Amino acid sequence: MFIAFFGEEKMSRRILTVDDSPSMRMLLRAALTEQGFMVFEAEDGVDALEKLETVTPDLVITDINMPRMDGFGLIEALRSGQLCAGLPILVLTTEASEEKKARARNAGATGWIVKPFDREKLGAAIRRVLH
Amino acid sequence: MTALSQIEPSQIRRLTVAQGDSLASTDPNVIFTTVLGSCVAVCLYDGAASVGGMNHFLLADPAPLTGEDARLLNRYGLHSMELLINAMLKRGAARWGLKARIYGGATMREGLGDIGTRNIEFARNFLANEKIPVLGEDVGGASARRIDFRPAAGLSRCKVVSAKPAEKIIIKKPPASTGDVELF
């Protein structure tokens, strides 16, 4: 009988959260680190593009309404580049309008999550997108 | 015509801000009104844009404090504040022009723990984290309050009311469909 001594070695998946609200970033950090993810933060689209040069996340979670560069701008910028063309991007927003959802989808978002988020549903969606 | 009636009384619209609501307006004829027990209302105002807004929230169920990350218990208040700020921005307010007043958070009866105090603390911490200056507050105590806020002018008024609000401590959970995920 074999006994697993080491278990399966797992590297923490890296997530970049993009939200202009420090409180929301704090909430996301709490919800994601508790599920074993490594969290990096940016405060808007411009900041996210800068952080992406050093962070190399496995997934991006972005708000829509943000100063300087909003979520749509960020998605478009990521999808137009070569490096991040395949990077999963989940939109996390208070917006529920079909029009904005369609806009995010057309821009290349991977999924759409309406706030307030549910930790388990968010975690499940992330794992599904990352496999 | 009295001096007070610069606005025809018939034109004034009173909008009740119920628990869970976040409203913003630039309409000089609108008055937001609410009655608070242990709930908290935050009034936001951007004077340059003449946009005002008010919410009315209660934090999550105080019972299951154990085991759960305390930060996560703030999600109802956080959501309410985010909706309020977004409503303000949509009507032309600037994120960095916002100023706040905090109302409510009374201790309405024994046995409810310090839910009113926790609501106040949440509002203070949130506004500090978001760097939104608090111009004043009328919080705590043991009496209910009635708040009237004229959003376009940024004028608020707080009165202690003897009648208790219809406060059954309805812990408003988000609808079951909350946090729904749609993968494209």
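Student: In which order do the five strands of the open sheet in chain B stand, and what makes a strand an edge strand here?

Tutor: The order is β2-β5-β4-β6-β7, with mixed pairing. The edge strands are β2 (22-25) and β7 of chain B, as each of them pairs on one side only. Neighbouring strands in this sheet are turned by 10° against each other on average, with direction ignored; such angles are taken between N-to-C directions, run from 0 to 180 degrees, and use axes fitted to C-alpha atoms, for helices over the stretch in contact. Keep in mind that this is a predicted model, where local features need pLDDT of at least 70, side-chain atom pairs count only at pLDDT 80 or more, and totals for chains, interfaces and linings use all residues. Residues are numbered from 1 along each chain as its sequence is written, chains are lettered from A and ligands numbered from 1 in the order in which they are written, and side-chain values use heavy atoms, leaving out hydrogens and water.

Student: How do you know that β4 and β5 of chain B are paired?

Tutor: Pairing asks for at least two bridges found by DSSP. Strand β4 (residues 40-46) and strand β5 (residues 51-55) of chain B have four bridges, in the antiparallel sense, so they qualify as a pair. One of the partnerships is B:Asp46 with B:Val51 in β5(B). The hairpin of these strands has four residues between them, and there B:Ser50 takes a positive phi near 50°.

Student: How many bridges join β4(B) to β6(B)?

Tutor: Six, and the strands run antiparallel. B:Leu44, for instance, has B:Ala100 in β6(B) as its bridge partner.

Student: What makes β4(B) a mostly covered strand?

Tutor: Buried means a relative accessible area under 20%, exposed means over 50%, and partly exposed lies in between (1.4 Å probe, protein chains only). By that rule, seven of the seven residues of β4(B) are buried. Its two faces share in this: B:Val40, B:Val42, B:Leu44 and B:Asp46 are buried on one side, and B:Ala41, B:Cys43 and B:Tyr45 on the other.

Student: Which helices lie against these strands?

Tutor: Helix α1 (residues 75-90) of chain B packs on the sheet, touching β2, β4 and β5, and its direction makes about 160° with that of β5(B). Helix α2(B) lies across β4, β6 (99-104) and β7 of chain B, at about 25° to β4(B). In chain B there are two helices and ten strands; helices (H or I, at least four residues) and strands (E, at least two) are DSSP runs, numbered from the N terminus.

Student: Why is B:Glu130 called buried?

Tutor: Its relative accessible area is 2%, so B:Glu130 counts as buried. B:Glu130 sits in the loop between α2 (115-129) and β7 (134-139) of chain B. Contact means heavy atoms within 4.5 Å, and B:Glu130 touches A:Asp20, A:Ser21, A:Pro22, A:Ser23, B:Arg95 and B:Trp96, leaving aside residues up to four places away in sequence.

Student: How do you know that the side chain of B:Glu130 makes a polar contact with that of A:Ser21?

Tutor: The limit is 3.5 Å between N or O atoms; within protein, one atom must be able to donate a hydrogen and the other to accept it, and residues adjacent in sequence count only if both atoms are side-chain atoms. The pair with A:Ser21 is at 2.7 Å, and the side chain of B:Glu130 also meets that of A:Ser23 at 2.6 Å. Both are therefore polar contacts.

Student: How much area do chain A and chain B bury between them?

Tutor: About 2,600 Å², 58% of it on carbon and sulfur atoms; buried area is the accessible area (1.4 Å probe) that two parts lose on being put together, summed over both. The contact takes 34 residues from chain A and 25 residues from chain B. A:Leu27, A:Pro116 and A:Lys121 supply 21% of the area that chain A buries against chain B, more than any other three residues. A:Pro116 lies in the loop between β5 (111-114) and α5 (119-130) of chain A.

Student: What makes the peptide bond from A:Lys115 to A:Pro116 stand out?

Tutor: That bond is cis, with omega near 0°.

Student: Why is A:Arg68 called exposed?

Tutor: A relative accessible area of 61% puts A:Arg68 in the exposed class, over 50%. A:Arg68 is in the loop between β3 and α3 (71-80) of chain A, and has a positive phi of about 65° although it is not a glycine.
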